[in-house]
Amino acid sequence: MTNYNIEIRQFNGTDYDVLYPVTTIGNIIDLENQLNNRPILTTTQVTLTASGWSGNGSTTPYTQDITISGVTTSSNIIINIVPLSTSYTGIANEVSNFQYINFTTPLNGKVRFTCVGSKPTIALTVKVLCFQ
């Protein structure tokens with residue numbers, strides 16, 4: 001097998017600067033910092049029960065707290081429904097109920113799901129993506 005080292009150069013007005021490959025200690029330190037400071041990512045699947053919502057929906061929103069280890073108040077949360085139904089009507093019902101969840105709030109060790117106005121009337125399986 002033959003290895004080729006190809007340099008890409010750019011004219012700087014008087015001569016040519018090597019653009020690629022360039023490895024300097026600065027590049028290595030930058031890469032190390034990026035790897036050490038990469039977001040911590042966790043995914044988990046949780047069930048929001050129909051009876052687990054607190055609040056009345058008119059003067060206070062409905063909320064449900066789910067314990068998820070590693071979550072802090074500075075976590076970023078993304079949620080998505082995981083339909084368990086196999087029929088079109090069942091999936092449509094799950095998606096319809098999922099839309100009642102308006103936002104999430106990261107707390108220490110848990111995530112609070114909030115519904116303003118209406119709440120799901122069925123249990124929902126939700127995938128939670130958490131990153132710092």
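The exercises below, each with a worked solution, concern a predicted model of a protein.

**Exercise 1. The elements of the protein**

Work out how many helices and strands the protein has, and in which order the elements run from the N terminus on.

Solution. Begin by counting the elements, which gives 2 helices and 8 strands. Then follow the chain from the N terminus, writing β for a strand and α for a helix, and the elements read β-β-α-β-β-β-α-β-β-β. As a last step, turn to the contacts between residues with a separation of 6 or more, where residues 24 or more positions apart account for 64%.

**Exercise 2. An open sheet**

Find the order of the strands in the open sheet of 3 strands, and decide which of them are edge strands.

Solution. Laying the strands side by side gives the order E4-E7-E6, with antiparallel pairing. The next step is to ask which strands pair on one side only, and these are E4 and strand E6, residues 103-107, which are therefore the edge strands by the rule that two strands pair if at least two bridges are found between them. From one strand to the next, the twist averages 20 degrees. Looking then at E4 and strand E7 (residues 110-115), we count 6 bridges joining the two, and in one example Thr-63 has Thr-114 in E7 as its bridge partner.

**Exercise 3. Ser-75**

Locate Ser-75 among the elements, and decide whether this residue is buried or exposed.

Solution. Start with the position in the chain: Ser-75 lies in the loop that links strand E4 (62-67) with strand E5 (76-81). The relative accessible area of Ser-75 is 6%, and because buried means under 20%, the residue counts as buried. Next consider the side chain of Ser-75, which comes to 2.9 Å from the backbone nitrogen of Thr-72. Finally, leaving aside residues up to four places away in sequence, list what Ser-75 touches: Gly-70, Pro-106, Cys-130, Phe-131 and Gln-132.

**Exercise 4. Ile-101**

Determine which residues Ile-101 touches, not counting residues up to four places away in sequence, and how far apart in space Ile-101 and Pro-120 are, C-alpha to C-alpha.

Solution. First place Ile-101 in the loop between helix H2 (88-98) and E6. With a relative accessible area of 11%, Ile-101 is buried, because this value falls under 20%. The residues touched by Ile-101 are Leu-48, Trp-53, Ile-79, Phe-113, Thr-114, Cys-115, Pro-120 and Leu-124, once residues up to four places away in sequence are left out. For Pro-120, the separation from Ile-101 is 19 residues in sequence, while the distance in space is 7.8 Å from C-alpha to C-alpha.

Methods:
Residues are numbered from 1 along each chain as its sequence is written. This is a predicted model: local features need pLDDT of at least 70, side-chain atom pairs count only at pLDDT 80 or more; totals for chains, interfaces and linings use all residues. Side-chain values use heavy atoms; hydrogens and water are left out. Helices (H or I, at least four residues) and strands (E, at least two) are DSSP runs, numbered from the N terminus. Buried means under 20% relative accessible area, exposed over 50%, partly exposed in between (1.4 Å probe, protein chains only). A polar contact is a pair of N or O atoms within 3.5 Å; within protein, one must be able to donate a hydrogen and the other to accept it, and residues adjacent in sequence count only if both atoms are side-chain atoms. Contact means heavy atoms within 4.5 Å. Axes are lines fitted to C-alpha atoms, for helices over the stretch in contact, and angles run from 0 to 180 degrees between N-to-C directions.
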